[in-house]
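Colleague: I would like a close look at a single part of this model. Please set it in the context of the chain afterwards, and state the cut-offs behind each term.

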Amino acid sequence: MDQLDFTPKTAEALSEGDGGGYYIWSSSEMPLLAKTKVGAGRLVLQPRGFALPHYADSPKVGYVVQGTDGVVGMVPSNSKKEVVLKLKQGDIIPVPIGTVSWWFNDGDSDLVIAFLGDTSKAHVPGQFTYFFLTGVQGLIGGFSTELTSKVYHMNKDEVNKLTKSQTGIVIIHLEKGQPMPKPQMDLTKELVYNIDAAHPKIKVQNGGLVTTLAETEFPFIGNVGLSVIRVKLEPNAIRAPSHLVNPAIQLVYIARGGGKIEIVGLNGKRVLDTQVKAGHLIVVPQFFAVAVIAGEEGMDSYSILTNKEPLLEELAGRASVWGALSPSVQQVALNVDSEFQKLFISNNKDTTNLIPYV
């Protein structure tokens, strides 16, 4: 694990067109994704941009980075009913494996959604593979004319029209006059969760906030087997070292701002110590400890965990494990005298895991 490259990366274009683009972090450029079996993608829809109906080989969570008038239509596997949901900045939208979905920007500015997910069952570990129903890469056009004709009771010309009319690949642009389904607001409240507006688990003045999202707060996220952590740091604030107690990979997306991140893993080795910026993706292997220092603009990050419940152990602050260890054990473990041990614990009791800039 220590030999792998932990360097944060930005996404590269997979497909771009008039309606927007889809960008990926490939496992060839970021082998740690394949090793840990997590993946990510970034969807950018321009106004009236439409992502053609598709399904994927991995469960994932979408976070709306930007936009106010997004629309997603989903048909869950083995369901005959489409649900249409409204999306805006801060929204979390789980997409269970096999769900057919389409995405549309009904607003006047770009809609940006970052997808983070579990690729343990994917065709290519570390990457999402999509199967489109229509378009140049569509499944419907891949079958023989003879078969399609019999299945849909069409003649050859009708089959040709069915399978060849859509020349788009991933994303297309819809003209203004094209009507689209309206969001079902009652279902939006049930299946979409705005984590930016949620009550934080931890909030420190001039330090920042930590918000966790699991099945207890948002039952629908249980369908993807993932949980989410949002960390928003004020300028120059610090999130002290912490690690996950339960075995899970943490996949971190920097949505806004930037700063510095450090990760320490096996044998106490620091595997990452670098600057990060908006758009960067970082992988934290299970049980590795991570700390963050925000830059002048602060930092807003979103993580998925590959389990349903985020359980964190703090390594600093009044809630840290140090407060539970007996003084004599601390002295022996640190090889310090009682005076220094008391100073250490006293300093810990005066802080939380979020440390404001002084």
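Between which two strands is the loop in which N236 has its place?

Modeller: N236 sits in the loop between strand 16 (227-233) and strand 17 (238-244), where strands (E, at least two residues) and helices (H or I, at least four) are DSSP runs numbered from the N terminus. The model is a predicted one, in which local features need pLDDT of at least 70 and side-chain atom pairs count only at pLDDT 80 or more, while totals for chains, interfaces and linings use all residues. Residues are numbered from 1 along each chain as its sequence is written, and side-chain values use heavy atoms, with hydrogens and water left out.

The backbone of N236 has a positive phi of about 65°, although the residue is not a glycine. As a general matter, most residues other than glycine have a negative phi. With a relative accessible area of 19%, N236 counts as buried; that term means under 20%, exposed means over 50%, and partly exposed covers what lies in between, with a 1.4 Å probe and protein chains only.

N267 makes a useful companion to this residue. Its phi is near 60°, again a positive value in a residue other than glycine, and N267 belongs to the loop between strand 18 (250-264) and strand 19 (270-277). N267, however, is exposed, at 82% relative accessibility. A loop between helices offers another setting: M154 lies between helix 2 (145-152) and helix 3 (156-164), and this residue is partly exposed at 26% relative accessibility. Leaving aside neighbours within four places in sequence, M154 is in contact (heavy atoms within 4.5 Å) with S149, V159 and L162.

Around these loops, the chain has six helices and 23 strands, and its C-alpha atoms fill a box of roughly 90 × 40 × 35 Å along the principal axes. Of the 358 residues, 49% are buried, and residues 24 or more positions apart account for 74% of the contacts with a separation of 6 or more.

Aromatic side chains give particular examples of links between distant parts. A search of the whole structure finds 12 aromatic pairs, a pair being two rings of Phe, Tyr or Trp (its six-membered ring) with centres within 6.5 Å, called stacked if the planes are under 30 degrees apart, edge-to-face if over 60 and tilted for the rest. The rings of F50 and W102 form a tilted pair, because their centres are 5.8 Å apart and their planes stand at 40°. F50 lies in strand 4 (residues 49-56) and W102 in strand 9 (residues 100-105), so this pair ties together parts that are 52 residues apart in sequence; both residues are buried. Y63 and Y302 are a stacked pair, 3.7 Å from centre to centre with 25° between the planes, and they link strand 5 (residues 60-66) to strand 21 (residues 289-305) across 239 residues. Y63 is buried at a relative accessible area of 4%, and Y302 is buried as well, at 2%.

Finally, Y22, F128, Y130 and F132 form one aromatic cluster. One of its members, F128, has K60 over its face at 5.6 Å from the ring centre, and K60 also lies over the face of F115, at 5.9 Å from the ring centre; for this, NZ of Lys or CZ of Arg must be within 6 Å of the ring centre and within 35 degrees of the ring normal.
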